[in-house]
Amino acid sequence: MSSLLYILIAILILGVLIIVHELGHYTVGKLLKFRITEFGIGFGPKLFSWGKKETKYSVRALPLGGFVAFAGEDEDAPDDPRAMNNMPWYKRLLVLFAGAGFNIIFALLTCFIVICIMGKQLPAPVISSVAEDAPVQQQALQQGDIVTAVNGVSVGSYDEFKAQLDKWAEEGQLDLTLTVDRNGQSVQVPALLYESTDEEGNTAIKLGVTITYNTVPIPVGEAIGETFSTSWELTKEMFRFLGRLFTGNASIQDVSGPISTIGIMSDTISVGVESAGAQGALLIILQLCWLIGLNLAIFNLLPIPALDGGRMVFVIIEAIRRKPINRELEAKIHAIGFMVLIGLVIVLEIARAIIL
C-alpha cells in the first residue's frame with residue numbers, strides 16, 4: 001500500500017475518535033433533554049443535511065471530526081428552558097464529561113479486542129524457525145515445538161532456556177538434547193551449539209533457532225482485568241508525561257500536534273503491514289484507537305479554556321457561587337483559549353519540523 005493510503009487511514013482513525021467524542025455529548029444531551037440544533041460530521045461547507053425536527057444532521061466537506069451544536073451554549077437564552085445554560089449544573093457536567101467518557105469506553109473496548117485477538121502469552125519458548133546454516137541435528141526441530149528441557153533440566157521461560165544454553169556453552173558442552181512438546185507429545189531432539197560469525201566479524205556460540213512465545217485464548221474475565229490494568233498503567237504514564245511537560249523536563253520530540261500525530265500513526269500502520277500483513281495492520285489500528293482515544297479523553301478533561309475540562313470548571317464555579325459567570329466573559333475566555341491552543345499547535349509543528 002502507498003504511503004498516501006496510510007496517511008488517509010490515520011486521518012480516518014482520528015476522525016472516528018473525534019466523532020465518538022461528539023457522539024458522547026450528543027447521546028447524553030439527548031437523554032437529558034437538552035436542545036441540540038445540529039450534529040455535524042466533519043467541518044467546513046455543508047455537503048448535505050437531513051432532519052425536520054429540532055435537530056439537524058449534516059455531513060461537511062472536511063471529514064476530520066465533527067461537532068454538536070447545543071442551543072444557548074455560549075449565551076443566555078432566557079426563553080428556552082432546554083438551552084444548555086438553563087439546564088441544571090449537574091446535567092451540564094454530565095454532558096461535558098460524556099465526550100471524554102465515550103472516548104474512554106471506546107478505548108477500553110478496542111484494548112479488550114486486541115487482548116482477545118492476541119491471546120494469552122505463555123512463557124515457555126517456542127521454536128519459530130531454524131537457521132539455514134544450523135547443524136543438521138537442529139533440522140529435526142519443527143515450527144511450534146515448545147522447549148521444555150535442555151539436557152534434562154526443565155525450562156519454563158525464554159530466560160531459563162537462554163541460561164541453560166549459556167551454561168553449556170561456557171562448559172564446552174556443545175552437544176545438547178532438547179525436550180520439546182510437539183502436539184502434546186514429549187519428543188527428544190538432538191541439537192548442537194555452533195560458532196557463527198556475523199557481517200562485522202564478531203563470533204558467537206549459538207543454537208541457530210528463532211524463538212517466539214506460545215499463545216492460547218484468554219478467558220473473558222482475565223481479558224477484562226487485563227484491559228483495565230493496562231489502560232490504567234497507560235493513564236498513569238500520560239499524567240507522568242504531563243508532569244514532565246509542565247516542569248519543562250519533556251523534550252519537543254516527545255510532543256506531537258495533529259499533523260505530526262498523523263505522520264507517526266501512518267508510519268506505525270506501515271510497519272504493522274510490512275511485518276504481519278493485514279492482521280498486523282488491524283492490530284496496530286486497534287492499538288492506535290486505544291492509545292490515541294485515551295490520550296484524547298485525558299487531554300479534553302484538562303482544565304484549559306475551550307476544552308471540556310475548562311468548561312466544566314466554569315460550571316463547578318457556577319454551582320459553588322449559585323450564579324453563573326458573565327456569559328459573554330466566559331465565551332471570550334474560551335475563544336482566547338481556543339486561539340492559544342491553535343497557536344501552540346502551529347508553533348509545535350514548526351518546531352518539530354525544524355528540529356527533526
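These notes cover the predicted model as a whole and then helix H3.

1. The chain has 356 residues, and 39% of them count as buried. Its secondary structure is made up of seven helices and 10 strands.

2. On contacts, take the pairs of residues in the chain that are at least 6 apart in sequence: 63% of these contacts join residues at least 24 apart.

3. The chain exposes an accessible surface of about 19900 Å². Carbon and sulfur atoms account for 64% of that surface.

4. Helix H3 covers residues 158-170, which is 13 residues. From first C-alpha to last, H3 reaches 18 Å, close to the 18 Å expected at 1.5 Å a residue.

5. Which residues of H3 are buried? They are Phe-161, Gln-164, Leu-165 and Trp-168. Viewed down the axis of H3, these buried residues fall within an arc of 95 degrees, so they line one face of the helix. Asp-159 and Glu-170, on the other side of H3, are exposed.

6. What do the buried residues of H3 pack against? Their partners are strands: S3 (120-130), S4 (146-150) and S5 (153-154), which precede the helix in numbering, together with S6 (175-182) and S10 (209-216).

7. After H3 comes Gly-172, and the phi of Gly-172 is positive, near 80 degrees.

8. For a look at H3 in the model, start from Phe-161, Gln-164, Leu-165 and Trp-168 on the buried side, then turn to Asp-159 and Glu-170 on the exposed side.

Technical notes. Residues are numbered from 1 along each chain as its sequence is written. This is a predicted model: local features need pLDDT of at least 70, side-chain atom pairs count only at pLDDT 80 or more; totals for chains, interfaces and linings use all residues. Side-chain values use heavy atoms; hydrogens and water are left out. Helices (H or I, at least four residues) and strands (E, at least two) are DSSP runs, numbered from the N terminus. Buried means under 20% relative accessible area, exposed over 50%, partly exposed in between (1.4 Å probe, protein chains only). Contact means heavy atoms within 4.5 Å. Accessible areas come from the Shrake-Rupley method with a 1.4 Å probe; for residues, only the protein chains shown count as cover. The expected span of a helix is 1.5 Å times one less than its number of residues. The arc is that of the directions from the helix axis to the C-beta atoms.
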